[in-house]
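Good morning, and thank you for coming. I would ask you to keep the sequence and the structure in view while I speak.

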Amino acid sequence: MRIVLYALLPTIALHVVFFGAGLLVQIVLGAATALVAEAVALRLRGKPVEPFLKDGSAVVTATLLALCLPPLAPWWLIVSGTAFAILLAKHLYGGLGKNPFNPAMVGYAVLLVSFPVQLLQWLPPAGMDIDHVKLSVGETLSTILTGSLPQRLTWDAVTSPTPLDALRTNLKMGMTMAEAHAAPIFGTLGGRGWEWINLATLAGGVLLLSLRIIRWHIPVAMLSAIVVCSSVLYAVDPGAYAGPIFHLTSGASLLGAFFIATDPTSAATSDRGRLVYGAGIGVLTYVIRTWGGYPDGVAFAVLLMNLSVPLIDRYTIPRIYGHAR
């Protein structure tokens, strides 16, 4: 778990570069909540506290959830989402190793369904020539803890849609893909700033693969499915559908592929099952992004495929010689 956190450091660093120090505050709040919730749950279950607090799993859950939230999200979002993830999505099922759903994605899905407005309050990335959205560290901390911006700013002036959200909105307004991409929030490959954040995530994922912390089947299957789906529709109508590079560099595709979908507890067991599982997440992610009600479908795709894991394992785990199924 500590190696996973180390692998996330490049992603966190570039996130801070483009969106400010809010993410660091969210991680601190989330990690503190996760450790407290973990200790309370372990006490109630009569389990030893110290070994589980030191295993790093609760902090990983909090960090992944923090990366999914807007950097200026009010403190109670990360606190309530993390508490829900640890207490209900993890310990309600028996704790680490027994949870059928990814805890961080459960927490995020609950927040997204319950508080959609707050989860749309993203800052524009650095480099868009919007000087008045720059907040100091003190102003960032104050905004997160009080829910109010400095008097010189308003939420309408500060917030900006994510690249996936902006693309959906522009296409619904009748723009072509070329016209939609002319907006300043888009960069050379995908979303401005998000391109570099996703490349940092890719570097962290490669590190996990090289150290054999994760196996290649789920990331390759998930990303390949997104590339195939987006390539087919882009070839059919490039004016209405984004290409594969955009889908890989604008949302949580790489974070989901290397750090979320690879959770060993909630993923499929066999190598063949992992390929099916990862491909299913990739297809569902693209379907939700293109025709669903949410700009980025990684969280819901992961949870839906978590639900399908028992069925996948039933038909993909090799039968032991001499034993009936």
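Throughout this talk, a helix is a DSSP run of H or I with at least four residues, and the helices are numbered from the N terminus. Please bear in mind that this is a predicted model.

I begin with helix 9. Helix 9 covers residues 163-172, and the residue G174, which follows this helix, has a positive phi, near 95 degrees. How many of the ten residues of helix 9 are buried? Seven of them are, so the helix is largely enclosed by the rest of the structure. The buried residues are P163, L164, D165, A166, L167, R168 and N170. Around them, the packing partners are helix 10 (177-180), helix 11, helix 13 (244-250) and helix 15.

Let us take one residue of this helix, R168. The relative accessibility of R168 is 15%, and because buried means under 20%, this arginine counts as buried. Which residues does R168 contact, once its neighbours within four places in sequence are left aside? They are I288, R289, T290, G292, G293, Y294 and P295. For one of these partners we can give a C-alpha to C-alpha distance: R168 and T290 lie 8.0 Å apart in space, with their positions 122 residues apart in sequence.

Helix 15 spans residues 271-291, and it supplies a second residue to examine, L275. Is L275 buried, partly exposed or exposed? With a relative accessibility of 33%, L275 counts as partly exposed. When residues up to four places away in sequence are not counted, L275 touches W216, H217 and A221. The C-alpha atoms of L275 and A221 are 5.4 Å apart, although the two residues are separated by 54 residues along the chain.

I turn now to the aromatic residues. A pair of aromatic rings is described by the distance of the centres and the angle of the planes. How many aromatic pairs does the structure hold? There are eight. One of them joins F19 and W194, whose ring centres are 5.1 Å apart and whose planes make an angle of 45 degrees, a tilted arrangement. F19 belongs to helix 1 (residues 2-19) and W194 to helix 11 (residues 194-210), so this pair ties together parts that are 175 residues apart in sequence. Both partners count as buried: F19 has a relative accessible area of 4%, and W194 has a relative accessibility of 12%. F19 and W194 also form one aromatic cluster with W122.

My remaining topic is the packing of helices, in three examples.

The first example is helix 2 (residues 22-44) with helix 7 (residues 137-146). Their axes come within 9 Å and cross at roughly 45 degrees. This angle lies outside the roughly parallel range, which is under 35 degrees, and falls short of the roughly perpendicular range, 65 to 115; helix 2 and helix 7 are therefore oblique to each other. Their crossing is right-handed. Which residues meet at this crossing? From helix 2 come G22, V25, Q26 and L29, and from helix 7 come T140, L141 and I144. By class, this contact has four nonpolar and three polar residues, and no charged residues.

The second example is helix 4 (residues 57-68) with helix 5 (residues 75-90). Here the axes come within 10 Å and cross at roughly 135 degrees, and the two helices are therefore oblique to each other. Helix 4 passes helix 5 in a right-handed crossing. On the helix 4 side the contact involves S57, A58, T61, A62, L65 and A66, and these meet I78, G81, T82, A85, I86 and K90 in helix 5. Seven of these residues are nonpolar, four are polar and one is charged.

The third example is helix 5 with helix 6 (residues 103-114). The axes of these helices are 8 Å apart, and the packing angle is about 130 degrees. Helix 5 and helix 6 are therefore oblique to each other, and helix 5 passes helix 6 in a right-handed crossing. Helix 5 contributes L77, S80, G81, F84, A85, A89 and K90, while helix 6 contributes P103, A104, V106, G107, V110 and L111. This contact divides into nine nonpolar residues, three polar and one charged.

Thank you for your attention.

Note on methods:
Residues are numbered from 1 along each chain as its sequence is written. This is a predicted model: local features need pLDDT of at least 70, side-chain atom pairs count only at pLDDT 80 or more; totals for chains, interfaces and linings use all residues. Side-chain values use heavy atoms; hydrogens and water are left out. Axes are lines fitted to C-alpha atoms, for helices over the stretch in contact, and angles run from 0 to 180 degrees between N-to-C directions. Angles under 35 degrees count as roughly parallel, over 145 as roughly antiparallel, 65 to 115 as roughly perpendicular and the rest as oblique. A crossing is left-handed if the near helix is turned anticlockwise from the far one by less than a right angle, and right-handed if clockwise. Contact means heavy atoms within 4.5 Å. Ala, Val, Leu, Ile, Met, Phe, Trp, Tyr, Cys and Pro count as nonpolar, Asp, Glu, Lys and Arg as charged, and the others, Gly among them, as polar. Rings of Phe, Tyr and Trp (its six-membered ring) pair if their centres lie within 6.5 Å; planes under 30 degrees apart count as stacked, over 60 as edge-to-face and the rest as tilted. Buried means under 20% relative accessible area, exposed over 50%, partly exposed in between (1.4 Å probe, protein chains only).
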